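I am opening a fresh page for this chain. My plan is to look up charge pairs, aromatic pairs and the core, and to write down what I find.

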Amino acid sequence: MTVQQDGAARRAAAQHAVAEHLRLTAAGRTDEWVKLFAPDAVLEFPYAPAGVPQRVTGRDALRAHMSNFPKTFDVEFVDLVFHETVDPSLVIAEFRSTGTALPTGKPYEQTCISVVQTDGDAVITHYLDYWNPLVAIEALTPHDVPSDPDLSVTFGG
């Protein structure tokens, strides 16, 4: 196998890990989802609202953080695009979520960009998740409550 073929195989495996992350998240299969991550993996949310951690480290913490997601959002991830990187173990993914916030019945339409580092076995070691917290707050705010930029919500652990 040439270096170029090896790089292509690593890139395909890393991209597959991200696609599986989205599939398992949407399906609410948290126990399977967490196995995509290294034992000491880091999940970061730079724009996390109050009440949601900006950084979650380790499989147990990841599982706890995502445990309420299936009870909070019924989503499908669509329009997945991978952007080419120099490092075949680094994935930049752009996608949308479309679905419903279950507590309110409101639509949940989110646009995301994720920067994901994998190891040589295509296991996720670092996941940097850029999403708009205002969209989540609006979707989780009951219809009879006026929108308020100071509202915080929790949908993680």
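**Entry 1: charge pairs**

I started with Arg55 and Glu44, whose side chains meet in a salt bridge with N to O at 3.6 Å. Arg55 sits in strand β2 (residues 55-57) and Glu44 in strand β1 (residues 37-44), so this pair ties together parts that are 11 residues apart in sequence. I noted Glu44 as partly exposed, at 21% relative accessibility. That value is just a cut-off matter, because buried means under 20%. I keep in mind that this is a predicted model.

Next I looked up Glu20. Glu20 forms a salt bridge with Arg23, and the closest N and O atoms are 2.7 Å apart. Both residues lie in helix α1 (residues 3-27), 3 residues apart, about one turn of the helix. Is Glu20 buried or exposed? Glu20 is buried, at 18% relative accessible area. Its partner Arg23 is partly exposed, at 39%.

Then I went to helix α3 (residues 59-66), which holds both Asp60 and Arg63, 3 residues apart, about one turn of the helix. I logged their salt bridge at 3.4 Å between the closest N and O atoms. Asp60 is exposed, with a relative accessible area of 61%. Arg63 is partly exposed, with 29%. Which residues do shared partners join into one network here? They are Asp31, Asp60 and Arg63.

I closed the entry with the count, which comes to 8 salt bridges. As a reminder to myself: side chains of opposite charge can pair when their charged atoms come close.

**Entry 2: aromatic pairs**

I searched the whole structure and got 7 aromatic pairs. I wrote out two of them.

Phe37 and Tyr127 form a tilted pair, 6.5 Å centre to centre, with 45° between the planes. This pair links distant parts of the chain, with Phe37 in strand β1, Tyr127 in strand β6 (residues 124-130), and their positions 90 residues apart. Both Phe37 and Tyr127 are buried.

Phe77 and Phe95 form an edge-to-face pair, 5.6 Å centre to centre, with 85° between the planes. Phe77 is in strand β3 (residues 73-83) and Phe95 in strand β4 (residues 90-101), 18 residues apart, and I noted this pair too as a link between distant parts of the chain. What is the relative accessible area of each ring residue? Phe77 has 22% and is partly exposed. Phe95 has 4% and is buried.

I also checked for clusters. Trp33, Phe37 and Tyr127 form one aromatic cluster.

**Entry 3: Thr25**

I went back to helix α1 for Thr25. Thr25 is buried, with a relative accessible area of 6%. Where does its side chain reach? The Thr25 side chain reaches the backbone oxygen of His21 at 2.7 Å. I then listed what Thr25 touches, leaving out residues up to four places away in sequence: Trp33, Met66, Phe69 and Phe77. Two names on that list were already in my notes. Trp33 belongs to the aromatic cluster with Phe37 and Tyr127, and Phe77 pairs with Phe95.

**Entry 4: the core**

How many residues does the largest nonpolar core have? I found 34. Those with the most contacts inside this core are Trp33, Phe37, Leu43, Leu62, Phe73, Ile124 and Tyr127. The elements giving two or more residues to the core are α1, β1, α3, β3, β4, β5 (106-118), β6 and α5 (133-140). Which element gives the largest share? Helix α1 does, with 5 residues. The general background fits on one line: in soluble globular proteins, nonpolar side chains tend to be buried together.

**Entry 5: the whole chain**

Last, I took the overall figures. The chain has 5 helices and 6 strands. I read the order from the N terminus as α-α-β-β-α-α-β-β-β-β-α. Of the 157 residues, 41% count as buried. Among contacts with a separation of 6 or more, 53% come from residues 24 or more positions apart. The chain exposes about 8200 Å², and carbon and sulfur atoms supply 55% of that area.

Key. Residues numbered from 1 in each chain as written. Predicted model: local features only at pLDDT ≥ 70, side-chain atom pairs only at ≥ 80, totals over all residues. Heavy atoms only, no water. Salt bridge = Lys/Arg side-chain N within 4 Å of Asp/Glu carboxyl O. Helix = DSSP H or I, 4+ residues; strand = E, 2+ residues; numbered from the N terminus. Buried < 20%, exposed > 50% of the residue type's maximum accessible area, 1.4 Å probe, protein only. Phe/Tyr/Trp six-rings, centres within 6.5 Å; stacked < 30°, edge-to-face > 60°. Polar contact = N/O pair within 3.5 Å; in protein donor to acceptor, adjacent residues only side chain to side chain. Contact = heavy atoms within 4.5 Å. Areas by Shrake-Rupley, 256 points an atom, 1.4 Å probe, with all protein chains shown as cover. Core = buried A, V, L, I, M, F, W, Y, C linked by side-chain atoms within 4.5 Å.
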